[in-house]
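Here are some notes for a colleague who is coming to this structure without having seen it before. They are set out as numbered points, to be read with the sequence and the structure side by side.

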Amino acid sequence: MITFRELDEALDRTYPATLKKTGKWEYRSTFKLDDGGKIDVDFGANDHIDDYDELDWEINFVRNEVHQGVTGEGDALKIMATVFKLVKDFIRIEKPKYMNLAAAKKPDTSKSDKSLQGRERLYGRLIKKAVGNKYNVRTDTGSSGTVWYIERKS
């Protein structure tokens with residue numbers, strides 16, 4: 001079993017990745033993996049539904065163009081460390097008030113199973129670590145996955 005110290009050390013190892021502004025309300029990073037694959041990380045904004053002066057940033061990442069699914073292709077900790085390093089970079093650059101991120105459950109999950117899977121628990125911990133104490137994090141978990149709603153504290 002991996003210890004917390006080993007986990008923290010694993011999360012310190014990242015792939016080389018740089019966040020680039022690609023549009024008025026869009027950022028992207030693409031990084032190559034050791035196995036030749038790639039990860040695309042996108043940050044895109046829309047007007048917030050309740051707070052008209054603010055944007056709601058959606059964070060998405062895909063491996064080899066497979067959207068939010070469980071790939072089981074390995075190297076998960078290094079990938080997640082890189083994605084959440086990019087989230088920290090994005091927060092430093094844009095200082096967003098609202099963000100959200102989603103994770104799908106494994107395809108064979110029962111429709112009535114709304115419990116968090118291991119991957120979802122890991123995402124939750126990494127999100128809280130990335131945003132620190134400057135943001136509130138709320139989750140909405142259903143049978144198909146979990147969405148994290150992240151809001152900057154006043």
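1. Does aspartate 35 count as buried or exposed? At 52% relative accessibility, aspartate 35 counts as exposed, since the cut-off for that class is over 50%. Please keep in mind throughout that this is a predicted model.

2. The partner of aspartate 35 deserves attention as well, for arginine 63 forms a salt bridge with aspartate 35, and the closest N and O atoms are 2.6 Å apart. This pair links distant parts of the chain, with arginine 63 in strand β4 and aspartate 35 in the loop between β2 and β3, 28 residues apart. Arginine 63 is buried, with a relative accessible area of 6%, whereas aspartate 35 is exposed.

3. For the overall layout, the chain contains 3 helices and 8 strands, and their order along the sequence is α-β-β-β-β-β-α-β-α-β-β. The chain has 154 residues, of which 39% count as buried. Its accessible surface comes to about 9400 Å², and 48% of that surface belongs to carbon and sulfur atoms. Among contacts between residues at least 6 apart in sequence, 55% join residues at least 24 apart.

4. Strand β6, residues 98-104, is a useful place to begin looking at the strands. Because 5 of its 7 residues are buried, β6 is largely enclosed by the rest of the structure. Strand β4 (residues 55-63) pairs with β6 in the parallel sense over 4 bridges, and in this pairing glutamate 58 stands opposite asparagine 100 of β6. Strand β8 (residues 145-152) runs antiparallel to β6, and 7 bridges join the two; here alanine 103 stands opposite threonine 146 in β8.

5. Helix α3 covers residues 118-131, and its length can be checked with simple arithmetic. At 1.5 Å a residue, its 14 residues should span 20 Å, and the end C-alpha atoms are indeed 20 Å apart, which agrees. The buried residues in α3 are Glu120, Leu122, Tyr123, Gly124, Leu126, Ile127, Ala130 and Val131. When reading that list, it may help to recall that an α-helix has 3.6 residues a turn, so residues three or four places apart point the same way. After α3 comes glycine 132, whose phi is positive, near 65°.

6. How many salt bridges does a search of the whole structure find? The search finds 7, and the pair described in point 2 can be set beside some others. Aspartate 42 forms a salt bridge with arginine 28, with 2.5 Å between the closest N and O atoms. Because aspartate 42 lies in strand β3 (residues 38-47) and arginine 28 in strand β2 (residues 26-32), this pair ties together parts that are 14 residues apart in sequence. Both partners are partly exposed, aspartate 42 with a relative accessible area of 23% and arginine 28 at 34%.

7. A further salt bridge brings together the side chains of aspartate 40 and lysine 38, at 3.6 Å from N to O. Aspartate 40 counts as buried, at 5% relative accessibility, while lysine 38 counts as partly exposed, at 27%. Elsewhere, Lys85, Asp89 and Arg92 are linked in a network of salt bridges.

8. Leucine 33 should be examined next, and is found in the loop between β2 and β3. At 6% relative accessibility, leucine 33 counts as buried. Leaving aside its neighbours within four places in sequence, leucine 33 is in contact with Tyr15, Lys38, Ile39, Arg63 and Ile79. The C-alpha atoms of leucine 33 and isoleucine 79 are separated by 8.2 Å, although the two residues are 46 residues apart along the chain.

9. Histidine 48 offers a second loop position to inspect, in the loop between β3 and β4. At 12% relative accessibility, histidine 48 counts as buried, because that value falls under 20%. The side chain of histidine 48 reaches the backbone nitrogen of aspartate 51 at 3.1 Å. Apart from its neighbours within four places in sequence, histidine 48 is in contact with Glu54, Leu55, Asp56 and Tyr98.

Technical notes. Residues numbered from 1 in each chain as written. Predicted model: local features only at pLDDT ≥ 70, side-chain atom pairs only at ≥ 80, totals over all residues. Heavy atoms only, no water. Expected span 1.5 Å × (residues − 1). Buried < 20%, exposed > 50% of the residue type's maximum accessible area, 1.4 Å probe, protein only. Pairing = 2+ DSSP bridges. Salt bridge = Lys/Arg side-chain N within 4 Å of Asp/Glu carboxyl O. Contact = heavy atoms within 4.5 Å. Areas by Shrake-Rupley, 256 points an atom, 1.4 Å probe, with all protein chains shown as cover. Polar contact = N/O pair within 3.5 Å; in protein donor to acceptor, adjacent residues only side chain to side chain.
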